Amino acid sequence: MNMDMKVLVEKYGTPLYVYDFDYIENRYTTLKEAFAGKKSLINYAVKANSNLSVIQHLAKLGAGADCVSIGEVRRAMDAGVDKYKIIFSGVGKRDDEIREALEKDILLLNLESEAEMKRVEMVAKALGKEARISIRVNPNIDPQTHPYISTGLHENKFGVEIDMAKRMYIYANKSEFLNPVGIHFHIGSQLTKLEPIKEAAVIVADLVRSLKAIKIDIKFFDVGGGIGVVYSDEVTIPAEAYTQVIFEAVKGLDVTLLCEPGRYMVANAGAFFTSVLYEKVNDGKRFVIVDGAMNDLLRPSLYNAYHKIEAVGVEGETTSADVVGPVCESGDFFGKGVQLPALEHNDLLVIQSAGAYGFTMASNYNTRNKPAEVALEAGVDRVIRKRETYEDQVRLEREYLK
Ligand code: LLP
């Protein structure tokens, strides 16, 4: 980050999210090319960053969307994702969400329980439609990541065990209103080890073979998302190594490979900019108080996640400081023990790797307006979400004042 960034941020104010769209394109292309020679579809996991312009940017490159609510499905469609490239996952879909997804005729509904399958069958029957479904298998693999974002163990709420999946496929195959065409797994997020992905892919591919043997023809093999990124010094999985283990697992099977990367596409495309308000020292401990807070970027507070923090265009000897926001919670911090030079009011800090699960997890806690979002594409900047105003926040309440 250089002085140009400073000028750019001055234009839009802080706190501010900035996303590098060229970086996103590069990530998409790298992953897509790693699938070369195989039928594949990259379903961008919209939850990572659901700004319409981000989704549209990926849609134009050919990406599909992995959605976990009907709201996300609507976003994907609004942003121009082809309906046959949209999948709808999630452990708890309401009837109205199922109905709308079926009416919209998206590629797949991804099921996570037997009860949900029966519900989808009922809704499809009422509509006189056949639902294309996929079942999320829980392969009971430890992904070796943070427990909050680990999902592929039986102790997690996600998916169904292999035996249950088999029973569900047999049931669905007989149903007039269900068409079991896909299989899915997702073992966790921020994965930096290849071995658990390989093990899961092998287990699930074996299940596909046994289903094919009983004439249940699985056409879509969805390996989920979860490819890790560099926040500090992680060694990540190269795209080609990732696809190789998948190719190996599905050898001999005629399937279209789906994957659902979120963080991989956008985390390091994004930076969060915040201005220094004050410095203070409490009993020898240095605090830098900034205008951004946990409501804007929750990952440090929620997961104790590391995000690199730097002062933009400020030189000088550094000392250790906690970078904190104005929200009334001790957990409101962006970094602890961060080396920073002496800072003055309005100096700019950049918090890196904030493109994924940044804005999407933002809230209005403390009646703080959500930050604006800006895209940078081929050297040109543009707003992709206006800064919220107080009026935006109270719009749904004001009419009820007595
Ligand atoms: N597919 C499924 C079924 C998922 O549950 C997820 C993420 C993804 C794909 C995308 O995973 P990714 O490629 O982004 O790792 N808020 C947390 C991350 C939660 C991830 C939830 N599921 C964080 O800030 O680290």
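**Close-up views of a predicted model**

**View 1. Ligand contacts in the predicted model.** An N or O atom in the side chain of Tyr 357 is 2.6 Å from an oxygen atom of the ligand. The model shown here, and in every view below, is a predicted one. Of the 590 Å² of accessible area that the ligand has on its own, 91% is covered by the protein. Ser 189 also approaches an oxygen atom of the ligand, with an N or O atom of its side chain at 2.3 Å. Glu 260 faces a nitrogen atom of the ligand, and a polar atom of the Glu 260 side chain lies 2.5 Å from that nitrogen.

**View 2. The shell around the ligand.** The ligand is surrounded by 19 residues. Ser 189, Gly 226, Glu 260, Arg 299 and Tyr 357 are the closest of them. Sorted by class, the shell holds 6 nonpolar, 7 polar and 6 charged residues. Domain 1 (5-16 + 268-398) and domain 2 (35-261) each supply at least three residues of the shell.

**View 3. The two domains.** The domain assignment divides the chain into domain 1, made of residues 5-16 + 268-398, and domain 2, made of residues 35-261. Taken over C-alpha atoms, the centres of domain 1 and domain 2 are 33 Å apart. Where the domains meet, 17 residues of domain 1 are in contact with 15 residues of domain 2.

**View 4. Tyr 357 and Thr 367 in one loop.** Tyr 357, one of the closest residues to the ligand, sits in the loop between strand 15 (348-351) and strand 16 (372-377). Tyr 357 counts as buried because its relative accessible area is 15%, under the 20% cut-off. The phi of Tyr 357 is positive, near 55°. Thr 367 is placed in the loop between strand 15 and strand 16. Thr 367 is not a glycine either, and its phi is positive, at about 50°. Most residues other than glycine have a negative phi.

**View 5. Lys 6 in helix 1.** Helix 1 spans residues 3-12 and includes Lys 6. With a relative accessible area of 18%, Lys 6 falls under the 20% cut-off and is therefore buried. Apart from its neighbours within four places in sequence, Lys 6 is in contact with Val 312 and Leu 348. Phe 273 is 267 residues away from Lys 6 along the chain, yet the C-alpha atoms of the two are separated by 9.4 Å.

**View 6. The cis peptide bond at Pro 15.** Thr 14 and Pro 15 are joined by a cis peptide bond, with omega at about -10°. Most peptide bonds are trans. Pro 15 belongs to the loop that lies between helix 1 and strand 1 (16-20).

**View 7. Helix 5 and its surroundings.** Helix 5 covers residues 95-104, and its buried residues are Glu 97, Ile 98, Glu 100, Ala 101 and Leu 102. Two helices are among the elements that these buried residues pack against, helix 4 (70-78) and helix 6 (114-127). The buried residues of helix 5 also pack against strand 4 (86-88), strand 5 (108-111) and strand 6 (131-136). Asp 105 comes just after helix 5 and takes a positive phi of about 60°.

Notes: Residues are numbered from 1 along each chain as its sequence is written. This is a predicted model: local features need pLDDT of at least 70, side-chain atom pairs count only at pLDDT 80 or more; totals for chains, interfaces and linings use all residues. Side-chain values use heavy atoms; hydrogens and water are left out. Helices (H or I, at least four residues) and strands (E, at least two) are DSSP runs, numbered from the N terminus. Buried means under 20% relative accessible area, exposed over 50%, partly exposed in between (1.4 Å probe, protein chains only). Contact means heavy atoms within 4.5 Å. A residue is near a molecule or strand if one of its heavy atoms lies within 4 Å of it. A polar contact is a pair of N or O atoms within 3.5 Å; within protein, one must be able to donate a hydrogen and the other to accept it, and residues adjacent in sequence count only if both atoms are side-chain atoms. Accessible areas come from the Shrake-Rupley method with a 1.4 Å probe; for residues, only the protein chains shown count as cover. Ala, Val, Leu, Ile, Met, Phe, Trp, Tyr, Cys and Pro count as nonpolar, Asp, Glu, Lys and Arg as charged, and the others, Gly among them, as polar. Domain bounds come from an automatic or database domain assignment.
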